[in-house]
Amino acid sequence: QGKMSRESILTYIKKLRRPLFTTFELCSLSGKSSSVVTQSLNYLEKNGLVLKVYRGIWAEAGNVSLSPYAAIPYLFIRQRAYVSFLSALHLYGIIEQIPQVIALASTVHTRTIHTKLGVFSVHRLSPKFFSGFGWYKGEGSFLIAQPEKALIDSLYLSACKKKQFGHFPELHFPKTFSFKKAKDFARSIPNSNIRSYVLKKLKTLIPQIRNCPISQD
C-alpha cells in the first residue's frame, strides 16, 4: 500500500514536458511522500525508463533533448553558475577540442560534481567579477559566458595558479569577437595583481585575434 503505479508516475513525468525533473517536483505534483516517489522512480530506473542523474535529479531515458548542459540549473538551485572557460570557448567554436569536463563559473567553492550525464568542474570567481553571461543562444536552458568573458575567465584562473587554464589549443576567433570587450572584462578584475597578469597574457594572444577589430585603447 502507498506505492504509486508505474503508469501514474510516468503520467506526472509527461506533464512536466521536459527531459529533467526532480523528486521534489513529482512529490508536489502527485501529493505523495518523497520515499514513495523515490521507490517508484527506482523501479522505473530498473526498467530503463528513467535515469538517476544526481541526488534528487532524474531524467527520462532516451529523451532526444537530454544534454549534460540541461542539468546545470538543477545542480545549482540556490546560486547561479554559468558555462565558461574552455567549455564555453568550445561551444562558440573558438576551440575545436571537446573538453572532457564541463567547466562552470560560480561564486561557490571550487568542486567537481560527477553525474550520470557528465562531470562538472565548478570554479569560484570573485562575486565582483561574476558577470558577462546570459542564456545560451538567448533562450537556452543554461547560462553561458560571452565569448570574451570565457577567455578572460580562463586567464583569471591561470593567474590563480591553475596553469592548465593558461594553455589553449589552437584558437579560432570569429570576426564578431571583440578584443576591446575582452580588455574591458580584464580591467574589471578586482584584484590588481590578477588584473595586470591577465592584461599581460591577453596581449600575447592579440596575434591570434587576427580577424577581430583590434582596438588598442
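A salt bridge is taken here as a side-chain nitrogen of Lys or Arg within 4 Å of a carboxyl oxygen of Asp or Glu. The model is predicted, so that local features need pLDDT of at least 70 and side-chain atom pairs count only at pLDDT 80 or more, while totals for chains, interfaces and linings use all residues. Residues are numbered from 1 along each chain as its sequence is written, and side-chain values use heavy atoms, leaving out hydrogens and water.

**E148**
- E148 is buried (under 20% relative accessible area, 1.4 Å probe, protein chains only) but has no salt bridge, and K181, the nearest side chain of opposite charge, is 4.2 Å away.
- The side chain of E148, a residue of helix α6 (residues 147–159), reaches the backbone nitrogen of S178 at 2.9 Å.

**Aromatic rings**
- Seven aromatic pairs are counted, where rings of Phe, Tyr and Trp (its six-membered ring) pair if their centres lie within 6.5 Å, and planes under 30 degrees apart count as stacked, over 60 as edge-to-face and the rest as tilted.
- The F130 and F133 rings form a tilted pair, because their centres are 5.0 Å apart and their planes stand at 55°; both F130 and F133 are buried.
- The rings of Y136 and F142 are stacked, because their planes lie at 20°, with centres 4.9 Å apart.
- Y136 is buried at a relative accessible area of 19%, and F142 is buried at 6%.
- Y69, Y136 and F142 are linked by ring pairs into a cluster.

Notes:
Buried < 20%, exposed > 50% of the residue type's maximum accessible area, 1.4 Å probe, protein only. Helix = DSSP H or I, 4+ residues; strand = E, 2+ residues; numbered from the N terminus. Lys, Arg positive; Asp, Glu negative; His and termini not counted. Polar contact = N/O pair within 3.5 Å; in protein donor to acceptor, adjacent residues only side chain to side chain.
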